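Trainee: Could you take one part of this model and walk me through it closely? I would like to see how it is paired with its surroundings and where the nonpolar packing lies.

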Amino acid sequence: MRELIPPAVRARLRGLSLVSRRAVGAHGLGQHRSRSRGAGLEFAQYRAYEPGDEPRQIDWKLYARSDRFFVREAERESPLALWLLVDASASMGQGDAARPNWSRLDAAKALAACAAELALRQGDRFGLIALQEDGLRLIAPATGTRQRDRLWLELHALRAQGRWPAPQRLRPLWERIGAGDLVLMLGDGFDEAALEVAERLAAARREVLSIRILTAEERDFPYRGGHRFRDPETGEELLGDGAALREEFLRRFAAARQAIDARLQACGIRRAEYVLDQELDLPLRRLFGGRDAAEGA
């Protein structure tokens, strides 16, 4: 099975951490916190000793005063649930000459693997929802190397095909993604239905992040001479001269991205952009790399 994360990228991931802004804002300490009780960082309460408790949790000073065993409980850190939402519609099969044999979907798979690696390193849970016209392919969140291997097998099997799934096929999204979960959406970022999913999740107080994956040819529009441009999902075609179309395309393309960014920002969705000829970890550094993350805020 082909390695999804290049060694140089894996090395740079060590400086990144998945952080839930909702959790940090709600609890103020650590990367993500829960209100469950146990052995943790911050004292919460005493309770009577029970068989199976670790002796190191016993408060011996309190025992000396009361002649009874009590255990100190604390609020403890709780694993975050990271959902990786990968667009596997036909438009994700697009690549360009800037980097042969490297499509949008290839990039989405690699970025998903990188994010899962961050979660694995932190002991957080991670799961996958791949969105295709015939339905969703779902791996429930879990942690550990077996979960990572399962995720990688599912990612390798993904193929770009069809359109974005119909609304009735999206029901598992609303049933499975829970309050406090972190959602990372990976796709080309222009499908109206995908934007509506992001907005609905954010409105339901799920923390949503978005990485928009572009081709270098979309960014630069380097075409010269006559070309046939075809929409891979609708089949619509446009014939025209590349040089004559370039200025108008770049203007409208920039305006469309700005309009989408404004919608996402209005919902509090952090975002980053990745172009196929860039370093793979660049959008992850913008989202999770501290000072660089401000660019995606």
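**A close look at strand 5**

Mentor: Let us take strand 5, bearing in mind throughout that this is a predicted model. Strand 5 spans residues 125–132, and seven of its eight residues are buried, so the strand is largely enclosed by the rest of the structure; buried here means under 20% relative accessible area. On one pairing, strand 5 runs parallel to strand 4 (residues 81–87), the two being joined by seven bridges, and within this pairing aspartate 87 stands opposite leucine 131 of strand 5. Between these two strands the chain passes through helix 4 (residues 104–122), making a β-α-β crossover that is right-handed. The other pairing, with strand 6 (residues 135–142), is antiparallel and comprises six bridges; here leucine 128 stands opposite isoleucine 139 of strand 6, and the two strands form a hairpin with two residues between them.

Turning to the nonpolar packing, the largest core contains 47 residues, and Leu82, Leu84, Leu184, Ile211, Ile213 and Tyr274 are those with the most contacts inside it. Helix 4, the helix of the crossover just described, supplies the largest share of this core, with 13 residues. Tyrosine 274, taken without its neighbours within four places in sequence, is in contact with a set of residues including Trp102, Ala107, Leu111, Ile211, Ile213 and Leu280, but also Arg99, Arg212 and Glu279. Apart from the largest core lies another, of 21 residues, and Leu131 is among them, together with Leu170, Ala202 and Ile260; this is the leucine that stands opposite aspartate 87.

Notes: Residues numbered from 1 in each chain as written. Predicted model: local features only at pLDDT ≥ 70, side-chain atom pairs only at ≥ 80, totals over all residues. Heavy atoms only, no water. Buried < 20%, exposed > 50% of the residue type's maximum accessible area, 1.4 Å probe, protein only. Helix = DSSP H or I, 4+ residues; strand = E, 2+ residues; numbered from the N terminus. Pairing = 2+ DSSP bridges. Right-handed = clockwise from strand over helix to strand, strands pointing away. Core = buried A, V, L, I, M, F, W, Y, C linked by side-chain atoms within 4.5 Å. Contact = heavy atoms within 4.5 Å.
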